[in-house]
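Let's get to know a new structure by working through a few short exercises. Have a look at the picture first, then try each task before reading its solution.

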Amino acid sequence: MRIENLTYEEALKELEDIVEELEKNQLTLEESLKKFKRGVELYKYCNKVLTQVEGEIKILLKDEYGNLNEDDFFVEV
């Protein structure tokens, strides 16, 4: 399945499964390389999705009059 068609949760689960398979050390070198490449693609996709979601997060803040105001949430990296 194409990575772009996966949800974040599906991509993360597949990435976790790949890591588990690689840690078992029961794959051939060729299979390991193929899984590793797919894992890197999945990691990049998950990171991209998280970055996009981070940009959409808003914080609701109350001002001194009790009114709710929406403010962007930024994470310093």
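The exercises below go from the whole chain to a single residue.

A note before you start: this is a predicted model, in which local features need pLDDT of at least 70, side-chain atom pairs count only at pLDDT 80 or more, and totals for chains, interfaces and linings use all residues. Numbering runs from 1 along each chain as its sequence is written, and side-chain values use heavy atoms, with hydrogens and water left out.

**Exercise 1. Find the order of helices and strands along the chain.**

Step 1: Count the elements, taken as DSSP runs numbered from the N terminus (helices are H or I, at least four residues; strands are E, at least two). You get 2 helices and 2 strands.

Step 2: Read along the sequence, and the pattern is α-α-β-β.

Step 3: Check the confidence, given by pLDDT (the predictor's confidence in each residue, from 0 to 100). The chain's mean is 87, with 83% of its residues at 70 or more. Helix 1 has the highest confidence, at 97, while strand 1 (residues 58-62) has the lowest, at a mean of 68.

**Exercise 2. Work out which residues make up the largest nonpolar core.**

Step 1: Know what to look for: buried Ala, Val, Leu, Ile, Met, Phe, Trp, Tyr and Cys residues joined through side-chain atoms within 4.5 Å. Buried means under 20% relative accessible area, exposed over 50%, and partly exposed in between (1.4 Å probe, protein chains only).

Step 2: List the 9 members: Ile3, Leu6, Ala11, Leu15, Ile18, Leu42, Tyr45, Cys46 and Val49.

Step 3: See where they come from. Helix 1 (8-24) and helix 2 (29-56) each give at least two, and helix 2 has the largest share, 4 residues.

**Exercise 3. Sort out the two sides of helix 1.**

Step 1: Pick out the buried residues of helix 1, which are Ala11, Leu15 and Ile18.

Step 2: Look down the axis of helix 1: its buried residues fall within an arc of 60° (using directions from the helix axis to the C-beta atoms), so they line one face.

Step 3: Turn to the face pointing away from that buried side, and you'll meet exposed Glu9, Glu23 and Lys24.

**Exercise 4. Is asparagine 25 buried or exposed?**

Step 1: Locate asparagine 25 in the loop between helix 1 and helix 2.

Step 2: Its relative accessibility is 67%, so asparagine 25 counts as exposed.

Step 3: Note its backbone too: asparagine 25 isn't a glycine, yet has a positive phi of about 60°.
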